[in-house]
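Trainee: I would like to go through this structure step by step. Could you take my questions in turn?

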Amino acid sequence: MLSKDTLQFLDDLKANNNRDWFLENKKRYEVVKKEYQQLVADLLDVMKPMDSALEMLEVKNCTFRINRDIRFSKDKTPYKSHLGVWLSSGAKGLNRSGYYIHLEKGASFIAGGLYCPEAEDLKKMRKEIAYFHDDLEAILEEKNFKKEFKDFDRNEKNTLKNPPRGYEKEHPAIEFLKLKSFESSQKIDFSEVTKKDFVTTMSKKLITLKPLNDFINRALTSE
């Protein structure tokens, strides 16, 4: 869990996103950082026994720097006003699916899967879906998955209008094959993170995504 002071800091940072204010409030940020790292440590303690693929992860593998990369962005505000947690077996340069928690006022959510894979990984995903769509359909239709996440997230940006090259429009899994991103998410309330059972509650929800993550990682690691 995080304290209300940490949530207030993120709120204040959003309203004062500049270096001078951040330096003046550096001591507040140090408290936020400590709470953030403890939250991730607690999540790992609960999630590792449920998913052995996470066994080698440390807190530093799952957190993000507060500084934004503004080199190629029109938005030049220097700091992130949210906290993110990424639990994945993928190493540097090795794309794998995983579990994500995004904590931001008015935009908090949990998610899992594979976000916007590169061309080669996208080909692997489509090949796996084409041959084993029954496996994928069973995962998405499972009662708990359906209750928590319903389906893949779909929108105009991550879905092709026409079948991808090499696949017929009559293919039984064509709606999956049109996807360019393979993640499922659920909105949560920002204040949830202040509750004592936050880690337990979110872990129960996230582990529902394990079969989907396993399917994706099977696709990415198969020849």
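The questions below deal with a sheet, a pocket and one residue of a predicted model.

Trainee: In what order do the four strands of the open sheet lie?
Mentor: The sheet is open and its strands pair in antiparallel fashion. Its edge strands are β1 and β4, each of which pairs on one side only. Neighbouring strands are turned by 15 degrees against each other on average, with direction ignored. The order is β1-β2-β3-β4.

Trainee: Which residue is the bridge partner of Leu87 in β2?
Mentor: Start from the strands: β1 covers residues 83–88 and β2 covers 98–103. The two run antiparallel and are joined by six bridges. The partner of Leu87 in β2 is Tyr99.

Trainee: Which residue in β4 does Ala111 stand opposite?
Mentor: β3 spans 109–114 and β4 spans 182–187. Six bridges join this antiparallel pair. Opposite Ala111, in β4, stands Ser185.

Trainee: Which strands does helix α7 touch where it packs on the sheet?
Mentor: Helix α7 is made of residues 198–206. Its direction makes about 135 degrees with that of β2. The strands it touches are β2, β3 and β4.

Trainee: How many residues of β1 are buried?
Mentor: A residue is buried if its relative accessible area is under 20%. β1 has six residues and is mostly covered. The number buried is five.

Trainee: What is the volume of the largest pocket?
Mentor: Its lining has 30 residues, and Phe64, Lys80, Gly84, Trp86 and Tyr100 lie nearest the centre. At least two lining residues come from each of α3, β1, β2, β3 and β4. The volume is about 920 Å³.

Trainee: How many residues of that lining are charged?
Mentor: Divide the lining of the largest pocket by class. There are 13 nonpolar and eleven polar residues. The charged residues number six.

Trainee: Is Met125 buried or exposed?
Mentor: Met125 sits in helix α4, residues 119–141. Beyond its neighbours within four places in sequence, Met125 is in contact with Leu114, Phe182, Phe215, Ile216, Ala219 and Leu220. Its relative accessible area is 1%. Since the cut-off is under 20%, Met125 is buried.

Trainee: What separation do the C-alpha atoms of Met125 and Lys196 have?
Mentor: Along the chain, the two residues are 71 residues apart. In space, their C-alpha atoms are separated by 38 Å.

Note on methods. Residues numbered from 1 in each chain as written. Predicted model: local features only at pLDDT ≥ 70, side-chain atom pairs only at ≥ 80, totals over all residues. Heavy atoms only, no water. 1 Å grid on protein atoms, 1.4 Å probe; cavity = no way out; pocket = protein on both sides within 12 Å on 5 of 7 lines; lining within 4 Å. Points joined across faces, edges and corners; volume = space filled by probe spheres on them. Nonpolar A, V, L, I, M, F, W, Y, C, P; charged D, E, K, R; others polar. Pairing = 2+ DSSP bridges. Axes fitted to C-alpha atoms, helices over the stretch in contact; angles between N-to-C directions. Contact = heavy atoms within 4.5 Å. Buried < 20%, exposed > 50% of the residue type's maximum accessible area, 1.4 Å probe, protein only.
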